[in-house]
Amino acid sequence: MATKLPIALLALLCLSGLSAQTKPSFEAASIKAVPDSAGWPPRAGYWVQPQTENPQRLRALTLLSQIIEWAYDVRDFQLEGGPSWLKQGRFEVQATSDHPATQPEMREMLQALLVDRLKLKVHRERKELPVYALVVGKNGPKLTPTENASQYRGNGNFDVGKGVVVGHGATMAGFCQILTDNLERPVIDKTGLNGRYDFRINTEPESSGEGFHPIGAGIFTPIQDLGLRLEPQKDQVEMLVIDSVDRPSDN
């Protein structure tokens, strides 16, 4: 015969379970503004995009807007609101975990750090924005289906270099992510193609005042060799809106 536990004891067990599920956080972390006159480390003009240097260490030395974008896994065009200094000057993050962490866990820990140290408050909403739709051309796709496609995971493998994009076991969803990263506008898969493909595109890279883009706008013509095209449209895009944030102190 099963024994019934008192209600108070059940409540205590539930609370214990909730406390055990607290969000992960870094064991040690710092986030600070870095004056342009700073010497090494870090020397003036030195930038580090948010990255996991090893499974227990996160490093960044860049715009605070880019640090927030990495933490919440959004791109520049998805970030809205906040003070102008988010995109002015360098901010440094150095953080370590007491255990090896996956990249999603690192992102979650960085979110917790930003909330704790900078009192960051954000919310998500959807907004209609200009996008590119990746669609099949009028003569149909000219993509080579991947042999032994089962050996690939996720969206496949991509090599993006100066003037070239190579896909191995690539999905169209993955290709759209690569295009979005380089065109700075959402690219949405509307091809209806669900397989994996191998392809190579040669394109003209572009360089602007905002940095180097390996493929850039030069992709529009060569992508037609794959029987695809990029069509300007408008669509709903998820945005990350900054409600409030405190500025970290200088070094």
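Select Glu184 in this predicted model: the residue follows helix H4 and has a positive phi, near 55 degrees. From there, extend the selection back over H4 itself, residues 172-183. The helix has 12 residues, which at 1.5 Å a residue should span 16 Å; the C-alpha atoms at its ends are 16 Å apart, so the expected and modelled spans agree.

Next, colour H4 by accessibility. Most of the helix is covered, with 9 of its 12 residues buried. Those buried are Met172, Gly174, Phe175, Cys176, Ile178, Leu179, Thr180, Asn182 and Leu183.

Keep H4 on display and add the strands that the helix lies across: E6 (121-136), E10 and E14. Relative to E10, H4 runs at about 170 degrees.

Now show the whole sheet to which these strands belong. Four strands make up an open sheet with mixed pairing, and their order is E4-E14-E6-E10. The edge positions are taken by E4 (79-81) and E10 (187-189); each has a single partner strand, so one side of each lacks a neighbour in the sheet. Direction ignored, neighbouring strands here are turned by 40 degrees against each other on average.

Zoom in on the E4 edge. Strand E4 pairs with E14 (residues 228-244) in the parallel sense, over 3 bridges. To locate one of these strands against the other, select Leu79 and its bridge partner in E14, Leu240.

Move next to strand E3, residues 57-62, and pick Leu58 within it. Is this residue buried or exposed? Leu58 has a relative accessibility of 1%, and therefore counts as buried, the cut-off being under 20%. Leaving aside residues up to four places away in sequence, display its contacts: Leu58 touches Phe26, Gln51, Thr52, Trp70, Val93, Gln94, Ala95, Met106 and Leu110. For one of these, Leu110, a distance label between C-alpha atoms will read 8.7 Å, although the two residues lie 52 residues apart along the chain.

Another contact of Leu58, Trp70, leads to the last stop. Trp70 is one of the buried residues of helix H2, so select that helix, residues 64-72. Helix H2 is mostly covered, as 8 of its 9 residues are buried. Besides Trp70, the buried residues are Leu64, Ser65, Ile67, Ile68, Glu69, Ala71 and Tyr72. Finish at Asp73, just after H2, where phi is positive at about 55 degrees.

Note on methods:
Residues are numbered from 1 along each chain as its sequence is written. This is a predicted model: local features need pLDDT of at least 70, side-chain atom pairs count only at pLDDT 80 or more; totals for chains, interfaces and linings use all residues. Side-chain values use heavy atoms; hydrogens and water are left out. Buried means under 20% relative accessible area, exposed over 50%, partly exposed in between (1.4 Å probe, protein chains only). Helices (H or I, at least four residues) and strands (E, at least two) are DSSP runs, numbered from the N terminus. Contact means heavy atoms within 4.5 Å. The expected span of a helix is 1.5 Å times one less than its number of residues. Two strands pair if DSSP finds at least two bridges between them. Axes are lines fitted to C-alpha atoms, for helices over the stretch in contact, and angles run from 0 to 180 degrees between N-to-C directions.
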